[in-house]
Amino acid sequence: MTLVHEVRQDNGTATVRLEGRIDREALSTLDAAYAAAAAGAPSVLVLDFTAVDYINSTGIALIVGLLGKARSQGRSMRALGLSEHYRHIFEITRLSDFIEIVPTP
Amino acid sequence: MSDETSAERVVEAGQAAPATQVDEAAASITPRDAGNWAAKVDRLSVADEVSGFGYNVAGRRVAGPHQGFGRLWQRTYSVDLGSAVGPQELVADWRAHFGDFWPKGGVFHGALTGIEPGAVAPLEVGGGRGPKLATGVLVLYADDESFTFMTPEGHMFASMITFSGEEADGATTARIRILLRTSDPLFELGWPIMKRAEDTFWSGTLRNLAASHGVDDVHVQEESECLDRQRLWKNWRNVWHNAGIRSAWHIVTAPFRSQKSATGA
């Protein structure tokens, strides 16, 4: 399934709900999602991975790039809804040093 | 009684699920791509047979682009191979003979088994026959159509490098995508020279890869984009692990180490 997104703005926090796969095909969707989220000038960007069923290493690289953009604009990032497997991947790649992993409510 | 009958009896008794159901349950817990990723390690270790080249890798942590110092760059090199080879065949060959495609000046001390997730491979880079800078990579991810390296602390770049075979309209493209920051202020000073060396090195790699599949005179397409212009000054201390300085020190002190081991001190 290709990646789709939905952005919600709430009090300085933009939440991007992602659904599908994050691989090389996801580049344009992630760019569009970031642009839509940044339009509200949020200080915090939350990526909601609850409905993401697959991320490969190209997808991780896209998230690294997204983090670079967010940090360069003074935004912090959080990750919501990561499965244990992908939490582990965020730790191996040391993305978790910069993206706060929020437990699924 | 056959094993099959035995399994059926167990299920009827409600004591355990048959093997197929157990496998399905396990699969729902273990993601299908789990085997493509390296296991988490705090510090890298180098296999005994290549440990002589791994002095700047053993004991280091991996360093992704956000652990580096310089500007964040995304650099892409790609070459069109037409229908000469499919993506999976291309990547299988690339994984099996990775170092063989490197241009002169680089030596990759990978395992004989090729590129496998979790493998740590020392490498040496440098021009000509002079001293080389020793560093390495961790194979973060590998599947049938791509594989990804991360670099250790001290490497010239804090980076993530993905090599892939991609198909579009019946043609295969070999691609190298690099997300990087220079690791420390000294390497950042050398970036104007290093980026040209990178272009030459990876373009040469793709030409060699193409030639091995019978595709000559290829045009390597290069793209470069700066994703973050800020330098991460809080990471200036990365210079402590600088593989250039440590390689030079290793070479200078080699005679003393030989003397020490000869005298058994």
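Me: How many residues of chain A are in contact with residues of chain B?
Reply: This is a predicted model, in which local features need pLDDT of at least 70 and side-chain atom pairs count only at pLDDT 80 or more, while totals for chains, interfaces and linings use all residues. Residues are numbered from 1 along each chain as its sequence is written, and side-chain values use heavy atoms, with hydrogens and water left out. With contact taken as heavy atoms within 4.5 Å, the 33 residues on chain B are met on chain A by 27 residues.

Me: What area do chain A and chain B bury between them?
Reply: Buried area is the accessible area (1.4 Å probe) that two parts lose on being put together, summed over both. Carbon and sulfur atoms carry 59% of the area buried between chain A and chain B, and the total is about 2500 Å².

Me: Which residue of chain B forms a salt bridge with Arg24(A)?
Reply: A salt bridge requires a side-chain nitrogen of Lys or Arg within 4 Å of a carboxyl oxygen of Asp or Glu, and the count between chain A and chain B is one. The closest N and O atoms of the pair are 3.5 Å apart, and the partner of Arg24(A) is Glu166(B).

Me: Which element of chain A gives the most to the side that touches chain B?
Reply: Helices (H or I, at least four residues) and strands (E, at least two) are DSSP runs, numbered from the N terminus. Strand 3 (44-55), helix 2 (57-72) and helix 3 (84-92) of chain A each supply at least two residues of the side touching chain B. With eleven residues, the element that gives the most is helix 2.

Me: How many residues of the side of chain A that touches chain B are charged?
Reply: Ala, Val, Leu, Ile, Met, Phe, Trp, Tyr, Cys and Pro count as nonpolar, Asp, Glu, Lys and Arg as charged, and the others, Gly among them, as polar. On that side of chain A there are ten nonpolar and nine polar residues, and the charged ones number eight.

Me: In what order do the elements of chain A run from the N terminus?
Reply: Chain A contains three helices and five strands, whereas chain B has seven helices and nine strands. From the N terminus on, the order in chain A is β-β-α-β-α-β-α-β.

Me: What percentage of the residues of chain B count as buried?
Reply: Buried means under 20% relative accessible area, with a 1.4 Å probe and protein chains only. For chain A, 51% of its 105 residues count as buried. Chain B has 265 residues, and the buried percentage there is 45%.

Notes
Chains are lettered from A and ligands numbered from 1 in the order in which they are written. Buried means under 20% relative accessible area, exposed over 50%, partly exposed in between (1.4 Å probe, protein chains only).
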